[in-house]
Amino acid sequence: MEVVIVPDAAAGGELIAEAMAQLLRRKPDALLGVATGSTPLPVYQALTAKVRSGAVDASRARIAQLDEYVGLPADHPESYRSVLRREVLEPLGIGMDAFMGPDGTAQDVQAACEAYDRALTEAGGVDLQLLGIGTDGHIGFNEPCSSLASRTRIKTLTEQTRIDNARFFDGDIEQVPHHVITQGIGTILEARHLVLLATGEGKADAVAATVEGPVAAVCPASALQLHPHATVVVDEAAASKL
Ligand code: GLP
């Protein structure tokens with residue numbers, strides 16, 4: 001695992017956007033795995049700036065979703081599909097035909113999970129997976145004690161994650177769904193390059209457990225230690241307990 005400490009979130013965004021740009025120059029139809037939450041936004045902004053300036057062409061890029069709420073209509077503004085359309089696809093000028101994600105509205109959620117897991121493999125696998133991290137060390141929505149070999153499946157959110165995410169639902173935890181679909185940790189580990197971005201002091205404990213703790217299901221992000229090409233980008237605040 002490579003750990004890169006940057007001065008602030010904007011520098012982290014620029015660094016990762018440049019890694020994505022280099023990948024797209026080498027492989028224009030690369031499959032980029034993207035995450036939601038506040039942390040990755042500087043990455044998407046920096047990559048958008050590169051596309052708009054002509055520094056990179058993202059028109060053939062493909063985008064894969066990491067996780068999704070169960071039961072929110074696809075056009076709900078906080079469904080992760082809507083968030084990614086707004087924050088990633090539209091700014092980069094990538095159409096929904098180049099987007100893949102799990103169906104959080106499916107009648108048979110388990111079948112939808114298995115179908116998405118298979119689709120990722122059939123698409124040739126994720127080239128670069130961008131990850132954030134929860135305050136409890138979760139990646140995607142793999143909460144603590146998720147199997148490190150898990151595949152895409154339905155999970156129940158912890159109270160803490162629902163509290164953390166209530167800010168996207170008018171601060172009202174009652175509106176935060178209880179269930180989600182997430183790529184499993186085993187699924188995530190199949191990406192060719194994993195890039196985790198963590199910023200702010202609130203992530204410092206989770207970052208220390210990820211980088212310096214044992215590989216353990218209690219900190220799902222520690223599974224990155226098992227990956228041959230994992231990069232952890234942290235600002236000075238998130239690195240403060242290393
Ligand atoms: C959610 C997402 C994760 C994300 C995490 C942290 O739980 N499912 O993919 O990493 O939030 O979000 P933030 O970056 O806003 O702290």
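Helices and strands are DSSP runs, numbered from the N terminus. By that naming, glycine 93 sits just after helix H3 and takes a positive phi of about 70 degrees. The model described here is predicted.

Helix H3 covers residues 80–92. The helix has 13 residues. From its first C-alpha to its last, H3 reaches 17 Å, close to the 18 Å expected at 1.5 Å a residue. H3 also carries a kink of about 35 degrees. The kink is centred on arginine 86.

Six names make up the buried part of H3: Tyr80, Arg81, Leu84, Val88, Leu89 and Leu92. An α-helix has 3.6 residues a turn, so residues three or four places apart point the same way. The cover over the buried residues of H3 comes from several elements. Strands E2 (31–34), E3 (62–65), E4 (67–69) and E5 (99–100) are among them, and so is helix H2 (41–52).

The UniProt record, an unreviewed entry, assigns residues 10–225 to the domain "Glucosamine/galactosamine-6-phosphate isomerase". In the model, this span is 35% helix and 14% strand. The C-alpha atoms at its ends lie 25 Å apart.

The same unreviewed UniProt entry annotates Asp67, Asp136, His138 and Glu143 as "active site". Two of these residues, Asp67 and Asp136, are described next.

Aspartate 67 lies in strand E4. Strand E4 is one of the elements that cover the buried residues of H3. Aspartate 67 has 22 other C-beta atoms within 10 Å, and is therefore buried. The cut-off for a buried residue is 20 or more. Leaving out residues up to four places away in sequence, aspartate 67 touches Tyr80, Gly140, Phe141, Val180, Ile181, Thr182 and Gln183. Among these contacts, Tyr80 is also one of the buried residues of H3.

Aspartate 136 is placed in the loop between strand E6 (128–131) and strand E7 (153–156). Here 18 other C-beta atoms lie within 10 Å, so aspartate 136 is partly exposed. With residues up to four places away in sequence again left out, aspartate 136 touches Glu143, Pro144, Thr158, Gln160 and Ala206. One of these contacts, Glu143, also belongs to the annotated "active site".

A ligand is surrounded by 14 residues. Ala35, Gly37, Ser38, Thr39 and Gly132 come nearest to the ligand. The shell around the ligand divides into 9 polar residues, 4 nonpolar and 1 charged.

Key
Residues are numbered from 1 along each chain as its sequence is written. This is a predicted model: local features need pLDDT of at least 70, side-chain atom pairs count only at pLDDT 80 or more; totals for chains, interfaces and linings use all residues. Helices (H or I, at least four residues) and strands (E, at least two) are DSSP runs, numbered from the N terminus. The expected span of a helix is 1.5 Å times one less than its number of residues. The bend at a residue is the angle between axes fitted to the seven residues ending there and the seven starting there. A residue is buried if 20 or more other C-beta atoms lie within 10 Å of its own, exposed if 12 or fewer, and partly exposed in between; C-beta atoms are placed from the backbone. Two residues are in contact if their C-beta atoms, placed from the backbone, lie within 7 Å. UniProt positions are given in the numbering used here, feature names are shortened, and annotations may be inferred rather than shown by experiment. A residue is near a molecule or strand if its C-beta atom, placed from the backbone, lies within 6 Å of it. Ala, Val, Leu, Ile, Met, Phe, Trp, Tyr, Cys and Pro count as nonpolar, Asp, Glu, Lys and Arg as charged, and the others, Gly among them, as polar.
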